[in-house]
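Open the model in your viewer and have the selection box ready. Each stop below tells you what to select next.

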Amino acid sequence: MTVTNSTPADKRGVLAIGNAIVDVLAQVDDGFLQQHGMNKAHMTLIDAERAEAIYAAMPAAKVRMSGGSAANTAAGIAMLGGAVRFVGRVRNDELGDAFSADIRKIGVGFDTSPAQDGPATARCLILVTPDAQRTMNTYLGACAQMTPEDIDPAAIAAAQVTYLEGYLWDQPHAKEAMRKAMRLTHEAGGKVAMTLSDAFCVERHRAEFQHLVEHNIDILFANESEIVSLYQTSDFDGALQHVRDHVDVAALTRSEKGSVILAGQNVHIIDAVPGVSVVDTTGAGDLYAAGFLHGYVDGFDLHACGRLGSLCAAEVISHVGARPQIDLKPFVAQALKG
């Protein structure tokens, strides 16, 4: 199936909206998670005091880098050579300056004005266990200050796809910003894409997410646990039957089983990239979305979009951290020839 995009010719690229977060990663064993009462392989929102306590307990060998789910996706698109902008709130502090510099250096347009007061720039403390699973503890800080005023109608109108991060739904003002972005996108003839982000996030907002998927989302990204949780089905196949009638495209990832892309009655099975040594799964879904969306706005057919997403995800899980460590353009070009 070939993607046919009816958006005007002057539209280009992706506008990603999400939490602007600095990631702090460290490798730990399962005992560390148990000692600190963490739910393995999930993201938990924490306050400033808890963030300080976990940071102090983390091993000295920490890696710091800019992150955030939608920001990682935006970075991946830029590294593939795509046109992309990012909307997210930081504070005018050291971490905020670092985040802004990092994402702009990659090639992502980032114009959101930093907050002059209030909570500090957000950080996510990521514990990576020997099985490559990541457990995230997120202090949202300045992210919680996002409001509808941060959504620029001109930026929305210029993009083919507006990509939204499900985690934003935890914040009341950001929720309203997302609703505004969805409305403006459809009024401008663009497509709304959204990632469900996390199974616990789905549990917190299941009814609202179901309504969004049915009425507001054109392209949905989710992993197996998230889509099963959304529809409270006993298995993946049951969830497929629900979602296929609700969105134009559903891109559903299944770890080592690859991914499944649905477009109405059309089904595309994408194999996982073989021979990948999994080190850290942080950012796998984010980079899958990056590859898929880059292919989508460039007019790739859906199978090729999924293949591109899988290649980007395979690169990011082969090392610690949620951003690619190689030049993605020649890597992907060579792999797609194979």
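Start with helix H3, residues 69–79, in this predicted model. Is this helix enclosed or open to the outside? Of its 11 residues, 11 are buried, so the rest of the structure largely encloses helix H3. Show the side chains. The buried residues run from Ser69, Ala70 and Ala71 through Asn72, Thr73, Ala74 and Ala75 to Gly76, Ile77, Ala78 and Met79. An α-helix has 3.6 residues a turn, so residues three or four places apart point the same way. Now step just past H3. There Gly81 has a positive phi of about 95°.

**Zoom out**

Show the whole protein as a cartoon. You should find 13 helices and 14 strands. How does the radius of gyration compare with the globule rule? The radius is 18 Å, close to the 20 Å that the rule gives for 338 residues, so the protein is as compact as a globular protein of that length. Along the principal axes, the C-alpha atoms fill a box of roughly 50 × 45 × 40 Å.

Switch on the surface. Its accessible area is about 13,700 Å², with 49% belonging to carbon and sulfur atoms. Of the 338 residues, 57% count as buried. Contacts are next. Among those with a separation of 6 or more, 73% are between residues 24 or more positions apart.

Colour by charge. There are 27 positive and 40 negative side chains. The centres of these two sets lie 3 Å apart.

**The nine-stranded sheet**

Select the open sheet of nine strands. Trace it in the order E6-E5-E1-E9-E10-E11-E12-E13-E14; the pairing is mixed. Which strands form the edges? They are E6 (109–110) and E14 (266–270), each pairing on one side only. Strands of a sheet pair through backbone hydrogen bonds, either parallel or antiparallel.

Stay at the E14 edge. Select strand E13, residues 259–263. E13 and E14 run antiparallel, joined by five bridges. Pick out Val260: opposite it, in E14, stands Ile269.

**Strand E8 and its partners**

Move to strand E8, residues 134–139. Five of its six residues are buried, so E8 is largely enclosed by the rest of the structure.

Add strand E3, residues 43–45. E3 and E8 run parallel, with three bridges between them. Thr44 has Asn137 of E8 as its bridge partner.

Now add strand E7, residues 122–128. Is its pairing with E8 parallel or antiparallel? E7 and E8 run antiparallel, and six bridges join them. Cys124 has Thr138 of E8 as its bridge partner. E7 and E8 also form a hairpin, with five residues between the strands. Click on Ala132 in that hairpin: its phi is positive, near 75°.

**Last stop: Val228**

Finish in helix H9, residues 224–231, and select Val228. Why does this residue count as buried? Its relative accessibility is 19%, and buried means under 20%, so Val228 falls on the buried side of the cut-off.

Show what surrounds this residue. Leaving out residues up to four places away in sequence, Val228 touches Thr233, Asp235, Phe236 and Ala239. Then pick the C-alpha atoms of Val228 and Gly238. These two residues are 10 residues apart along the chain, and the C-alpha atoms are separated by 7.9 Å.

Technical notes
Residues are numbered from 1 along each chain as its sequence is written. This is a predicted model: local features need pLDDT of at least 70, side-chain atom pairs count only at pLDDT 80 or more; totals for chains, interfaces and linings use all residues. Side-chain values use heavy atoms; hydrogens and water are left out. Buried means under 20% relative accessible area, exposed over 50%, partly exposed in between (1.4 Å probe, protein chains only). Helices (H or I, at least four residues) and strands (E, at least two) are DSSP runs, numbered from the N terminus. The radius of gyration is taken over C-alpha atoms; the globule rule is 2.2 Å times the number of residues to the power 0.38. Contact means heavy atoms within 4.5 Å. Accessible areas come from the Shrake-Rupley method with a 1.4 Å probe; for residues, only the protein chains shown count as cover. Lys and Arg count as positive and Asp and Glu as negative; His and the chain ends are not counted. The place of a charge is taken as NZ of Lys, CZ of Arg, CG of Asp or CD of Glu. Two strands pair if DSSP finds at least two bridges between them.
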